[in-house]
Every structure is written in C-alpha cells, then in structure tokens.
Amino acid sequence: MNEPLIEKTSGWRGTREIWIEAAYQALIESGIDTVKVMPLAERLGLSRTSFYGHFSDRDDLLNALVTLWQSKNTGNLVRQTEAYAETITEAILNIFDLWLLPELFDSRLEFAMRNWAHTDACLAHLLEEADRVRVDALEAMFLKFGYEATFARVRADTVYLTQIGYISMIKDRPSEPLGPRLQRMPYYVEIFSGKQVSEAECARFFARHPVPSEQ
C-alpha cells in the first residue's frame, strides 16, 4: 500500500494544488483509469469528502489536468518559438531547451495525455488542436527567418514529429545519457534548418545545459 503523500491533519482538506499533483502523478505512473477520487484520497491521506471542497466532481479534476498540460507544454512551446534569436539555428536551440528542461515541457505528461486521448474523443480533439497550434508556431518561426512557406511547414513538421516520436519511443527505456544526446543536437539543428550552428551558439547552449560530472 502507498504511504500517504502528506501528513494527515485533523480538519484539513488539503489544497487544490495538492489534489492536482496527486492526479498528475497517478496519470503519468498508471494512466487515466487510476485518476479517481478514492484512490487519490488514500494516496494523500485525506478523506474522500475533502476532494469536494476543491472540485465539483472528477471531471472538474480531469479538466484541471488538461489545463495544466495546455499551459505547460503548448504554452511554453509557443513562447520558445517567439524567444529572442538572431538566427534560425539559435531559434531551434531555444526549442531544444524544451526537450531538456522538464519545467518547460513535460514529456511524461505529454505521453500520458496522448494515451488518454485514445479513449476520450473530446481530449483527442484538444490534442489535434494542440498539435496544430504547436506546428503553426514552429512554422511561423521558420517564416520569420526567411524560409519559403512550403519549406517552413515541412521543416516545422519535421522538428515536431521527430520529438513526439522520440517521446513515444523512450517511455519504457532507460534514460538516455545527457552528454551524447547534447553532442548530437547541433547536428539535428543542421538537419532541421539546413544551416550550421556557430561556435558561439553552441557555447551558449551547452552553458545552459551542463552535463553532470558522472556523464
């Protein structure tokens, strides 16, 4: 049996954020079918009625998870496409920050949401819309740096689909060492953009993502 995630205090119902975090952990660990009120209450060491002090029903909690995903993954991706960059190669390295920093883009949440969408038509529609918004933002990034429209769209699709495929492939595999992954990224940039990354751009990127000493 799981130990409660928080210490039980008489009369305390937890907070909305604590319930969302518990739902998030259940979702990424075991899928949407485990995101239910009673198991979450047991996980938190709270009463079932405590849940209803923060949410009207389970669907209200599920909507909060969707909002979290939209804000974090789609919102941050769009913001990264608009981040300052002097060249397209620097702009793509800004995008790569997403794949390396879970606080910017949560790959585990992305994988879980895509699995959930297989059994939820409404979420599947939202996922299609998120994909469109993300690729449109990447396309706009390429257009800003002078790429012809068709090439901008194809390059945007290539950047996006490569990463979504990567997320789906690594779910049940051991974590890839950061060092080799980082060293390959300038080559990916060249493939995606058709241009080489400058030494200065590489230096700034690697400074943002230092490799732990054991790697």
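## A helical chain and its helix H7

Let us start inside helix H7, where Leu123, Leu127, Ala130, Asp131, Arg134, Val135, Ala137, Leu138, Glu139, Met141 and Phe142 are buried (under 20% relative accessible area with a 1.4 Å probe and protein chains only; over 50% is exposed, and partly exposed is in between). This is a predicted model, in which local features need pLDDT of at least 70 and side-chain atom pairs count only at pLDDT 80 or more, while totals for chains, interfaces and linings use all residues. Residues are numbered from 1 along each chain as its sequence is written, and side-chain values use heavy atoms, with hydrogens and water left out.

What do the buried residues of H7 pack against? Their partners are helices H4 (58-81), H5 (88-100), H6 (107-117), H8 (149-170) and H9 (178-193), where a contact means heavy atoms within 4.5 Å. H7 itself takes in residues 121-144, 24 residues in total, and spans 35 Å from its first C-alpha to its last, close to the 34 Å expected at 1.5 Å a residue (1.5 Å times one less than the number of residues). At its start, a side-chain oxygen of Asp120 comes to within 3.0 Å of the backbone nitrogen of Cys122. After H7 comes Gly146, with a positive phi near 90°.

Stepping back, the chain has ten helices and zero strands; these are DSSP runs numbered from the N terminus, with helices (H or I) of at least four residues and strands (E) of at least two. Of its 215 residues, 43% count as buried. The C-alpha atoms fill a box of roughly 60 × 40 × 30 Å along the principal axes. Among contacts between residues at least 6 apart in sequence, 67% join residues at least 24 apart.

UniProt lists two spans here, both from an unreviewed entry; such annotations may be inferred rather than shown by experiment.

| UniProt annotation | Residues | End C-alpha distance | Helix | Strand |
|---|---|---|---|---|
| domain: HTH tetR-type | 13-73 | 29 Å | 70% | 0% |
| DNA-binding region | 36-55 | 12 Å | 60% | 0% |

How confident is the predictor? The chain averages a pLDDT of 92, and 91% of the residues score at least 70; pLDDT is the predictor's confidence in each residue, from 0 to 100. Over residues 6-10, though, the pLDDT is below 50, and this stretch has five contacts in the model beyond near neighbours in sequence. Where pLDDT is low, the predicted coordinates should not be read in detail.

Terms used:
Polar contact = N/O pair within 3.5 Å; in protein donor to acceptor, adjacent residues only side chain to side chain.
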